[in-house]
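Visitor: Please take me for a close look at one part of this structure, and then show me what lies around it. I am in my first year, so plain words would help.

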Amino acid sequence: MSSSTIALRRRAADYGATAISYIAALVVLAPLVAILSYLLMKGATSSNLAFFTEIPKPVGEAGGGMANAIGGSLLILGIASAIGIPVGVGTGVYLAEIARSGIGRGIRFLTDVLNGVPSIVIGLAAYSLVVIRQKHFSAISGGIALGAMMIPTIARATEEMLKLVPLSVREAALGLGIPQWRTTLSITLRSALPGIITGIMLAFSRVAGETAPLLFTAFGNAFWNWDPRQPTAALPLQIFVYAISPFEDWHRKAWAGALVLVAIIMVSVFAVRWVASRGTFKGTS
Amino acid sequence: MAVGIETKGLKAWFGSNQALHGIDLQVAAGLATAIIGPSGCGKSTFVRCLNRMHETVLDARVAGEIRVGELNVYSIPAVSLRRRVGMVFQKPNPFPTMSIYDNVAAGLKLNGIGNRSELEEIVERSLQQAALWDEVKDSLKKKSGASLSGGQQQRLCIARALALDPEVLLMDEPASALDPISTSKIEELIFELKSRYTIVIVTHNMQQAGRVADYTAFFLAGALIEFDKTEKIFTTPYDRRTEDYITGRFG
């Protein structure tokens, strides 16, 4: 075979491989763009100021909004993050920095199992552990259910990111007489921060849209509520109820609610990334 | 104040694998001592015992006596010892998320020592001692430590160790990852620093030992074979194995 035919074959293979990866990227992007643009179209035309400021009107009356559900979702997600982030990051630090093989393997296995538990089952667990004891539905039980769902993703992301921090960096810190806890907190975690934040935002985005665990924990509420001990409205619940209703007006509100939910997730992701990127150096190693 | 180091019957293990077989060595204060020997002879393990970094490795063990000056190194917490016995590693390892300034100040800041103006002063002095000040003084807080060249990074690591004002500076092949020009800068630096600090330098490079060290110790298979003035080791070694190594017959 002459050298020119070899070169030709190599170039063909190169083009082929590049084309396949372009197509793969397109296949992934197409549904995303389709969903987002449809959502934007339907949602933007259905939302108005009242949507963000008013609570739902009684069935049959026009107008009203989902302000209470937006607030309720923020409350529940706040509680979930307050539980899921510290426990998840703490578990990850334990797995990466402290655990000896045996216990570590056990915990790693359990977090994987927890990750695979259907969200409705998590909701049931929160129902039987919190709601039944409290004797009524509450934002806090919803927050606990969502927080528990955040833990495995955050723990594994934290562990994997910490493991990527080179041993030489840890040794540098220990060699300066910096105690282990300080090294972990100020140097190792700091170096792994961008990856850990990605894990946290993945977990956050995932639970922000969860409906099933809230069905019998937060339960929903047609009115304003800021008391975490009381039943609370949440966007996914409200969307669920409105979307399966027979009213055209409610369908439009469900679209607007879906758009707001996606917006909340995107804004939080960008805000957290922006805050975290300030004051850090994009090191070359 | 530079102080001497003395080890008696120092033994070290990784799991069941014994890396050092009873080392008796006296390192003189305020001089540079080189540790030479073939790969795997225990040079690095030896210096890592001196600041108790060896015990940070899983399943590692140590036995024997180590004194830094009058101080038994096992009589104080390892973190306190490491502030007095600084270390520079083989591969430059600045903290990647920190500025040049914060890298040098890290040892003090994270140990809760010093206020802002003291830190400024110590950082400048340490960078000057490490012969890096002129190259970085305009970008102290703007640039990441990791953005410097390899040789600059290693001098940054030296400055970081000096900021804690240690009595001893351990250097584990500090120039082996650097180009010849950076290497000669590090060697000049060692030559200047040894008046203030006791320096123990592990090296693969025998010319380097000859250039910077007052004393040289030759290790082989976890044992100290010969220890004497550098000149003596390189001209008229007492032991046949030392001579073989130095003349390049093995290792």
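Guide: Let's begin with a term: helices (H or I, at least four residues) and strands (E, at least two) are DSSP runs, numbered from the N terminus. Residues are numbered from 1 along each chain as its sequence is written, while chains are lettered from A and ligands numbered from 1 in the order in which they are written. Please keep in mind that this is a predicted model, in which local features need pLDDT of at least 70 and side-chain atom pairs count only at pLDDT 80 or more, whereas totals for chains, interfaces and linings use all residues.

With that word in hand, we can place Arg249(B), which sits in the segment that follows α10 (240–246) of chain B. To describe its surroundings we count neighbours: a residue is buried if 20 or more other C-beta atoms lie within 10 Å of its own, exposed if 12 or fewer, and partly exposed in between, with C-beta atoms placed from the backbone. Arg249(B) has 9 other C-beta atoms within 10 Å, so it is exposed. From C-alpha to C-alpha, Arg249(B) lies 33 Å from Glu192(B), and 57 residues separate the two in sequence.

Now for the part I would like you to look at closely: strand β3 (residues 32–36) of chain B. Here 5 of the 5 residues are buried, so the rest of the structure largely encloses this strand. In a regular strand, the side chains alternate between the two faces of the sheet. β3(B) is covered on both faces: Ala32(B), Ala34(B) and Ile36(B) are buried on one side, and Thr33(B) and Ile35(B) are buried on the other.

What runs beside this strand? Two strands pair if DSSP finds at least two bridges between them. Strand β8 (residues 198–202) of chain B runs parallel to β3(B), joined by 4 bridges, and within β8(B) the bridge partner of Ala34(B) is Ile201(B). Strand β9 (residues 215–220) of chain B also pairs with β3(B) in the parallel sense, over 4 bridges; in β9(B), Phe218(B) stands opposite Ile36(B).

Elsewhere in chain B there is an open sheet of 4 strands with antiparallel pairing, in the order β2-β1-β4-β5. Its edges are β2 (17–27) and β5 (71–72), each with a single partner strand, so one side of each has no neighbour in the sheet. Strand β4 (residues 60–68) of chain B runs antiparallel to β5(B), and 2 bridges join them. There, Val68(B) is found opposite Leu71(B).

Stepping back, chain B holds 10 helices and 10 strands. For overall spread we use the radius of gyration, taken over C-alpha atoms, and a globule rule of 2.2 Å times the number of residues to the power 0.38. Chain B has a radius of gyration of 18 Å, close to the 18 Å that the rule gives for 251 residues, so it is as compact as a globular protein of that length. Its C-alpha trace spans about 55 × 40 × 30 Å along the principal axes, and 51% of its 251 residues are buried.

Chain A is built from 11 helices and 0 strands. Its radius of gyration is 24 Å, well over the 19 Å that the globule rule gives for 285 residues, so chain A is more spread out than a compact globule. Along its principal axes, the C-alpha trace of chain A spans about 75 × 60 × 35 Å, and 39% of its 285 residues count as buried. In helix α4 (residues 101–116) of chain A, the number buried is 1 of 16 residues, so this helix lies largely in the open.

Finally, where do the chains meet? Two residues are in contact if their C-beta atoms, placed from the backbone, lie within 7 Å. By that test, 20 residues of chain A touch 24 residues of chain B. On the side of chain A, α7 (167–175) and α8 (180–208) each supply at least two residues, and α7(A) gives the largest share, 6 residues. Ala, Val, Leu, Ile, Met, Phe, Trp, Tyr, Cys and Pro count as nonpolar, Asp, Glu, Lys and Arg as charged, and the others, Gly among them, as polar. Sorted this way, the side of chain A that touches chain B has 8 nonpolar, 9 polar and 3 charged residues.
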